[in-house]
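Take a walk through this model, starting with its sheet and ending inside its cavity.

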Amino acid sequence: MKEMTYKDAINLAMSEEMRKDKNVIFMGEDIGVYGGAFGVSVGMFEEFGEERVKDTPISEAVIVGAAAGAAATGLRPICEMMFMDFITIAMDNLVNQAAKMRYMFGGKAKVPMTLRLPSGSGTGAAAQHTQSLEAWLCHVPGLKVVTASSPAEAKGLLKAAIRDDNPVCFVEHKLLYKMKGEVPVDDEYVLPLGQSYVRKEGTDVTIVTYGTILHRVLEVVEEVEKEGISVEVVDPRTLYPMETQTIVDSVKKTGRAIVVHEAAKTGGLGGEIAAMISESEAFDYLDAPVLRVCGLDTPIPYNRNLEAAVVPSVEAIKEAIYKVMNRK
């Protein structure tokens, strides 16, 4: 184990996979000598050279289109979008080409490409650089959507994504890049995709959450436990296809559920998870309606105070816990 930041864990995951498999390449804007918009790929150009660490034109459509073609013909490209927001420019190549290719060729074509997508607010980067668009991607059959909440998870899940034979969208919240944690240095340390994880056990309420907001939830959980409320926290980690039995089992145990995420509420994953719980055997165990604590349905403001007001606050999460526990 070695302590490192989230972004260094991502760098390590990519570097280990590139050393292991010569077909793994890395593409994106300013990822070479510059080291990427957030410094994630510092040193990779020097180690692997311009043939495998490729600076691209400022065109996300070109990056994703080239990656889809490269993946279909034998390479395993990793692509970095400077900001998740810009995946919108590449949606045709991602949604209509990469996601469909395996299905339309009767399973004979593989598209082993990984898109790294820096997401989320909290950096003062305003409305075009701070969105959380994971629900859009989860809506597309053929894509896998993964997110990691710690440095160790970032390494283990990203390596699994790179080794997967399908297009994987790997969502990285920007506020986590400087987060430090213990990370296994074993180059075969891989976490499986499609497995939800109980981050903390509890008995009164289940909170399903992911990404950087998970750490805000854990702060709240510590506070309410002093008041005698025991909260179980479940992190899906793979947002699509999501492993739901862990969530269902948790709700059957606690009888209450809250979904918390930073993305806008309308059309977000919170509604999908709430519906899944209601359609499962956990419904008969519910003592209260499933609640959602989500981002507001608005663009992310540039003003830092307004930006903070748009995403779920400690107070909002705590209020939801009180409400579902009928303590208000």
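What follows covers the sheet, a helix that packs on it, and the enclosed space.

This is a predicted model. Begin with the sheet. Seven strands build it, and it is open. Read across, the order is β3-β2-β4-β5-β7-β6-β12. The pairing is mixed. At the edges stand β3 (53-55) and β12 (238-240). Each has a single partner strand, so one side of each has no neighbour in the sheet. From one strand to the next, the twist averages 25 degrees.

Now look at one pair within the sheet. Strand β2, residues 24-28, runs parallel to strand β4, residues 76-80. Five bridges join these two strands. For a landmark, find I25: its bridge partner in β4 is P77.

A helix packs on this sheet. Helix α3 spans residues 60-72. It touches β2, β4 and β5 (114-119). The direction of α3 makes about 165 degrees with that of β4.

Next, turn to the enclosed space. How many cavities of 30 Å³ or more does the count give? The count comes to one. The largest cavity holds about 100 Å³ of space. Its lining takes in 13 residues. Closest to the centre are S119, E134, H173, Y210 and G211.

Which elements give two or more residues to this lining? They are β7 (168-173) and β13 (257-264). Strand β7 gives the most, with three residues. β7 is also one of the strands of the sheet described above. By character, the lining residues of the largest cavity divide into three nonpolar, seven polar and three charged.

Technical notes. Residues are numbered from 1 along each chain as its sequence is written. This is a predicted model: local features need pLDDT of at least 70, side-chain atom pairs count only at pLDDT 80 or more; totals for chains, interfaces and linings use all residues. Side-chain values use heavy atoms; hydrogens and water are left out. On a 1 Å grid over the protein atoms alone, a cavity is a set of points where a 1.4 Å probe fits but cannot get out, and a pocket is an open set with protein on both sides within 12 Å along at least five of seven lines; lining residues have an atom within 4 Å of a point. Grid points are joined across faces, edges and corners, and a volume is the space filled by probe spheres set on the points. Helices (H or I, at least four residues) and strands (E, at least two) are DSSP runs, numbered from the N terminus. Ala, Val, Leu, Ile, Met, Phe, Trp, Tyr, Cys and Pro count as nonpolar, Asp, Glu, Lys and Arg as charged, and the others, Gly among them, as polar. Two strands pair if DSSP finds at least two bridges between them. Axes are lines fitted to C-alpha atoms, for helices over the stretch in contact, and angles run from 0 to 180 degrees between N-to-C directions. Contact means heavy atoms within 4.5 Å.
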